[in-house]
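Please open the model in your viewer and keep the sequence panel visible. The tour proceeds by selection, one stop after another.

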Amino acid sequence: MYSAQKSSERLLELMVKYNLTQNDIVKRTGMNKSSVSMYVSGKRNMGRKVIEKIADCYNISSEWLMGYDVSMTSKEAVHVFLEKSDVQDAQKRFLNYYLLLSETDKSLIDSMMERMLNDRETRE
């Protein structure tokens, strides 16, 4: 079920994850600053059109932004990107498997990859 409070929390999560400011969202979406501020603070509910606009601008799932327990990443956007890009088949498989994981499992994978890269930098 749609939750205005959850949508506000998800918008904040998006901002933190991608290091976005309210001004960044205003510039990218064309919404006015006071509306964005009210969405972020939870003082105003985001309508379906606003949710879809933000989701489209940042290639995220509108269902995730609405508060549903789904992946943040829009799988459709990822698949379109993969079809148009010069990504090797093994990399495509990895990304497709990654998208099937729970958010908890994705966090574990992210942490492992970060440790691996840090270890590699230390060895070099």
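The stops below cover two loop residues, a charged pair and a pair of helices.

This is a predicted model, in which local features need pLDDT of at least 70 and side-chain atom pairs count only at pLDDT 80 or more, while totals for chains, interfaces and linings use all residues. Residues are numbered from 1 along each chain as its sequence is written, and side-chain values use heavy atoms, with hydrogens and water left out. Helices are DSSP runs (H or I, at least four residues), numbered from the N terminus.

**Loop residues**

Select Asn19, in the loop that lies between helix 1 (4-17) and helix 2 (22-29). Its phi is positive, about 55°, although Asn19 is not a glycine. Most residues other than glycine have a negative phi. Asn19 is exposed, at 67% relative accessible area; buried means under 20%, exposed over 50% and partly exposed in between, with a 1.4 Å probe and protein chains only.

Move next to Asn59, in the loop between helix 4 and helix 5 (62-65). Here too phi is positive in a residue other than glycine, near 50°. Asn59 is partly exposed, with a relative accessible area of 47%.

**Charged pair**

Select Arg48 and Glu52, both in helix 4 (residues 48-58) and four residues apart, about one turn of the helix. Their side chains form a salt bridge, 2.8 Å from N to O. The term denotes a side-chain nitrogen of Lys or Arg within 4 Å of a carboxyl oxygen of Asp or Glu, and the count by this rule is one. Glu52 is partly exposed at 32% relative accessibility, and Arg48 is partly exposed at 40%.

**Helix 7 and its partner**

Select residues 89-100, which make up helix 7. Its 12 residues reach 17 Å from first C-alpha to last, close to the 16 Å expected at 1.5 Å a residue (1.5 Å times one less than the number of residues). Which residues of helix 7 are buried? They are Lys92, Tyr98 and Leu99. Seen down the axis, these fall within an arc of 125°, so they line one face of the helix; the arc is that of the directions from the helix axis to the C-beta atoms. Asp89, Tyr97 and Leu100 are exposed on the other side.

Finally, add helix 8 (residues 103-123), whose axis comes within 9 Å of that of helix 7 and crosses it at roughly 135°. Axes are lines fitted to C-alpha atoms, for helices over the stretch in contact, and angles run from 0 to 180 degrees between N-to-C directions. Helix 7 is therefore oblique to helix 8; angles under 35 degrees count as roughly parallel, over 145 as roughly antiparallel, 65 to 115 as roughly perpendicular and the rest as oblique. The contact (heavy atoms within 4.5 Å) joins Phe94, Tyr98 and Leu99 of helix 7 with Lys106, Ile109, Asp110 and Met113 of helix 8.

Key
Helix = DSSP H or I, 4+ residues; strand = E, 2+ residues; numbered from the N terminus.
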